[in-house]
Amino acid sequence: MMILLRPTDQQIAQALAEAKVMGKLNKWSFTEGKRAQFGLLGEIVLADFLGVERAIGCIHYDMVFNGCKIEAKTKWCTCTPKPNWLCSVPSYNTTQECDVYLFMRADDKMKRLWIFGKMKKKDFFD
């Protein structure tokens, strides 16, 4: 079951501002940070949705919810995700010390965000 969330203008502005400050990434980014605003938007919207604070500056997880360390994996897309789309974790992120991956997609206009999967890190790699 997918959950559709609609980011607010404030959440979008925050993601864009944080991505600008972040700049080019040489590590931990498949696109060198060129699409960081989508990942940041996923973190911001998810934290607000769950009512928790983000773990800003932590490279291992994005937030803690009920004692569970969550790493949000957000990819951008140009259409509504299909239920059979794959969820992935880049090979350079396998050492993150999180409990759960939460998979999301953000549309290319940053107006819609879908939560469409979660999995314990151990189960994902097993």
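Here are three short exercises, with worked solutions, on the predicted model above.

**Exercise 1: the length of α1**

Work out what span helix α1 (residues 9–22) should have at 1.5 Å a residue, and check it against its ends.

*Solution.* Start with the residue count: α1 has 14 residues. The expected span counts 1.5 Å for one less than the number of residues, so α1 should span 20 Å. Now look at the end C-alpha atoms, which are 20 Å apart, in agreement with the expected span.

**Exercise 2: the two sides of α1**

Which residues of α1 are buried, and what do they pack against?

*Solution.* Take buried as under 20% relative accessible area. Gln 11, Ile 12, Ala 15 and Ala 19 are then the ones to mark in α1. Next, look down the helix axis: the buried residues fall within an arc of 100°, so they line one face of α1. That buried set packs against α2 (36–50). Finally, turn to the other side of α1, where Asp 9, Gln 10, Lys 20 and Val 21 are exposed.

**Exercise 3: the partners of β3**

Trace how strand β3 (residues 68–77) pairs with β2 and with β4: parallel or antiparallel?

*Solution.* Begin with β2 (residues 63–65), which runs antiparallel to β3 and is joined to it by 3 bridges. Within this pair, Phe 65 stands opposite Cys 68. The two strands form a hairpin with 2 residues between them, and Asn 66 in the turn has a positive phi of about 50°. Then move to β4 (residues 100–107): it pairs with β3 in the parallel sense, over 8 bridges. To find your place there, use Thr 74, whose bridge partner in β4 is Met 104.

Note on methods. Residues numbered from 1 in each chain as written. Predicted model: local features only at pLDDT ≥ 70, side-chain atom pairs only at ≥ 80, totals over all residues. Heavy atoms only, no water. Helix = DSSP H or I, 4+ residues; strand = E, 2+ residues; numbered from the N terminus. Buried < 20%, exposed > 50% of the residue type's maximum accessible area, 1.4 Å probe, protein only. Arc of directions from axis to C-beta. Contact = heavy atoms within 4.5 Å. Pairing = 2+ DSSP bridges.
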